[in-house]
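Reader: Hello! Please take me through this model with a close look at its loops and charged side chains, and then set that part against the whole. I work with computed structures every day, so plain numbers are welcome.

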Amino acid sequence: KYRREAWNRSITAQEMSQWVRIVEEILKALGPGYDLAVDCHWEYSTRDALRLAQAFEPLNLWFLEDPIPPGNPDAMARLTAATRTPIATGENFDSRQQFRPVVEKQSCDIVQPDPQRCGGLLEAKRIAELADLYYIPCACHNMCTPVGVYGIAQVCAAMPSFLTLES
């Protein structure tokens, strides 16, 4: 059980240890050869997100998604630079203009445009191409129908640094 409060972005040492144990058990159950990403849903302060990312470092996560709220590329850049755990963000961005400072400041290790939200399939491809200029791969966020998945998959196939299609 967590003491989460809507106005408090902190995580206690006990909660952090609990999350690490949960992720360790998931990795153990998966066995070797599987990559695991953890989505934080914008829950934490920059300092606590960094503590959590550093606690996950020995587990070699695929990436830690959205550990802090979007909208502050400088805070995200500090976090990304201070941990070996790859940081992913972007599913809540509405345009490539919102991705631009994040990419230019290298505020993440992986961009995650959501084609339904960021302006469509072509715009998601443009975002991936912008990120590729900085050697940042793209993991497309995707929460749509099977027909939409086929459309997004076609665009992902044309992305120069495509990493994965979330589903």
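**Loops and charged side chains**

Author: Let us begin with His41, which is partly exposed at a relative accessible area of 44%. Please keep in mind that this is a predicted model. His41 sits in the loop between strand E1 (37–39) and helix H2 (46–56). Its phi is near 55°, a positive value in a residue other than glycine.

Asp66 invites the next look, since its phi is likewise positive, near 45°, and it too is a residue other than glycine. Asp66 belongs to the loop between strand E2 (63–65) and helix H3 (73–81). With a relative accessible area of 1%, Asp66 is buried, whereas His41 is partly exposed.

From here we can turn to the paired charges. The protein has 8 salt bridges, and one of them joins the side chains of Asp94 and Arg117, with an N to O distance of 2.7 Å. Asp94 is found in the loop between strand E3 (87–89) and helix H4 (96–104), while Arg117 is part of helix H5 (residues 115–118), so this pair ties together parts that are 23 residues apart in sequence. Both partners are partly exposed: Asp94 has a relative accessibility of 41%, and Arg117 has 39%.

Helix H6 (residues 121–132) offers another setting, for Arg126 and Glu123 are 3 residues apart in this helix and are separated by about one helical turn. Their salt bridge has its closest N and O atoms 3.2 Å apart. Here the two ends differ in cover: Glu123 is buried, with a relative accessible area of 8%, but Arg126 is partly exposed at 35%. This pair also has company, as Arg96, Glu123 and Arg126 are linked in a network of salt bridges.

Helix H6 holds Lys125 and Glu129 as well, 4 residues apart and again separated by about one helical turn. The closest N and O atoms of their salt bridge are 2.2 Å apart. Lys125 is partly exposed, with a relative accessible area of 21%; since buried means under 20%, Lys125 does not count as buried. Its partner Glu129 is partly exposed too, at 33%.

Now let us step back to the whole chain. The protein is built from 7 helices and 6 strands, and along the sequence they come in the order α-β-α-β-α-β-α-β-α-α-β-α-β. The radius of gyration is 16 Å, close to the 15 Å that the globule rule gives for 167 residues, so the protein is as compact as a globular protein of that length. Along the principal axes, the C-alpha atoms fill a box of roughly 45 × 35 × 30 Å.

Contacts tell a related story. Taking those between residues at least 6 apart in sequence, 65% join residues at least 24 apart. Of the 167 residues, 42% count as buried, and Asp66 and Glu123 are among the buried ones. The protein exposes about 9000 Å², of which carbon and sulfur atoms supply 54%.

Finally, back to charge, this time over the whole protein. There are 16 positive and 21 negative charges, and their mean positions lie 5 Å apart.

Notes:
Residues numbered from 1 in each chain as written. Predicted model: local features only at pLDDT ≥ 70, side-chain atom pairs only at ≥ 80, totals over all residues. Heavy atoms only, no water. Helix = DSSP H or I, 4+ residues; strand = E, 2+ residues; numbered from the N terminus. Rg over C-alpha atoms; globule rule 2.2 N^0.38 Å. Buried < 20%, exposed > 50% of the residue type's maximum accessible area, 1.4 Å probe, protein only. Contact = heavy atoms within 4.5 Å. Areas by Shrake-Rupley, 256 points an atom, 1.4 Å probe, with all protein chains shown as cover. Lys, Arg positive; Asp, Glu negative; His and termini not counted. Charge placed at Lys NZ, Arg CZ, Asp CG, Glu CD. Salt bridge = Lys/Arg side-chain N within 4 Å of Asp/Glu carboxyl O.
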